[in-house]
Amino acid sequence: MFRRASSMISRRVLARSANWEYLSSTIGKDVNITSFREACEKMESDIVDSPKKVTGIDYKAWEAKVGKEAVAAIKDDFENVWLKVKKPETTMTFDEGDVASLRADAKSLVEDCQKMEDWHRLRVRELEIEIGKLQYELDNLDDLHVDDMMKRYPHIAERVDAQIEEGVPPGYKE
């Protein structure tokens, strides 16, 4: 059985630290990820610094400090309310099948995100190429001959032909 925060899993997560330079370059320059990075680093250090073994409560030492009645009431509340009722309600346990299923789901999600990122990067590259072509045409528009422009933009040629047939005078603007 696995508990919610297994120390083995958390150590594996820590071994794969985030690539902050890559993350900040993909998010963009307008986003400041410093506070997010600091929170992640604090969480990672808390996991590393957490005790490796959970020690029990020393009720005898507390009895000497606060009295037997108070410790008995707290102990009763802790054992009967927390351990028997509330803790099982708030604690998740995983068996090997659940862990394998969660890992498969996470792997599938990562693969889907990678495909989406690849598609978007390809689409951005296609748009950059189209922008480059249009910028080149815009820069060299004055060098185009009328016949070349009519071949390149047949919809303009059709419109000019239609206006000539209708008898629209030259220089007329709609």
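**Reading an all-helix model**

Modeller: The accessible surface of the protein chain comes to about 15,300 Å², and 58% of that belongs to carbon and sulfur atoms. This is a predicted model.

Biologist: What makes up the fold, in helices and strands?

Modeller: The protein chain has eight helices and zero strands. From the N terminus on, the order is α-α-α-α-α-α-α-α. Contacts with a separation of 6 or more include 48% between residues 24 or more positions apart.

Biologist: How many of the 174 residues are buried, as a percentage?

Modeller: Buried residues make up 9% of the protein chain. The cut-off for buried is under 20% relative accessible area.

Biologist: Why is the pair K42 and D46 called a salt bridge?

Modeller: The closest N and O atoms of K42 and D46 are 3.0 Å apart. The limit is 4 Å, between a side-chain nitrogen of Lys or Arg and a carboxyl oxygen of Asp or Glu. The 3.0 Å of K42 and D46 is within 4 Å, so the pair qualifies. Both residues lie in helix α3, four residues apart, about one turn of the helix.

Biologist: Why is D46 called partly exposed?

Modeller: D46 has 40% relative accessibility. Buried means under 20% and exposed means over 50%. The value for D46 falls in between, so D46 counts as partly exposed.

Biologist: How many salt bridges does a search of the whole structure find?

Modeller: The search finds five. Among them is E117 with R121, where the closest N and O atoms are 2.8 Å apart. The pair E128 and R125 meets at 3.4 Å, N to O. Both distances are within 4 Å, so both pairs count.

Biologist: Where do these two pairs lie?

Modeller: E117 and R121 are in helix α6, residues 96–139, four residues apart. E128 and R125 also lie in helix α6, three residues apart. Each spacing is about one turn of the helix.

Biologist: How do you know whether E117 and R121 are buried or exposed?

Modeller: E117 has a relative accessible area of 23%, and R121 has 46%. Neither value is under 20% or over 50%, so both residues are partly exposed. E128, at 44%, is partly exposed. R125, at 47%, is also partly exposed.

Biologist: What makes the nonpolar surface patch?

Modeller: I57, W62 and V66 make it, with an area of about 300 Å². I57 is found in the loop between α3 (34–49) and α4 (59–66).

Biologist: Why can I57 belong to a patch?

Modeller: A patch residue needs over 30% relative accessible area. I57 has 47% relative accessibility and counts as partly exposed. That value is over 30%, so I57 passes this cut-off.

Biologist: Which residues gather in the patch of negative charge?

Modeller: E158, D161, E165 and E166 gather there, on the surface. Asp and Glu count as negative, so the sign of the patch follows. D161 lies in helix α8, residues 154–166. At 46%, D161 is partly exposed and also over the 30% needed for a patch.

Biologist: What does R152 touch, beyond residues up to four places away in sequence?

Modeller: R152 touches E137 and L144. R152 lies in helix α7, residues 146–152.

Biologist: Why is R152 called partly exposed?

Modeller: R152 has 42% relative accessibility. That is between the 20% and 50% cut-offs, so R152 counts as partly exposed.

Terms used
Residues numbered from 1 in each chain as written. Predicted model: local features only at pLDDT ≥ 70, side-chain atom pairs only at ≥ 80, totals over all residues. Heavy atoms only, no water. Patch = residues over 30% accessible without salt bridge, like charges linked within 9 Å, V, L, I, M, F, W, Y side chains within 5 Å. Areas by Shrake-Rupley, 256 points an atom, 1.4 Å probe, with all protein chains shown as cover. Buried < 20%, exposed > 50% of the residue type's maximum accessible area, 1.4 Å probe, protein only. Charge placed at Lys NZ, Arg CZ, Asp CG, Glu CD. Contact = heavy atoms within 4.5 Å.
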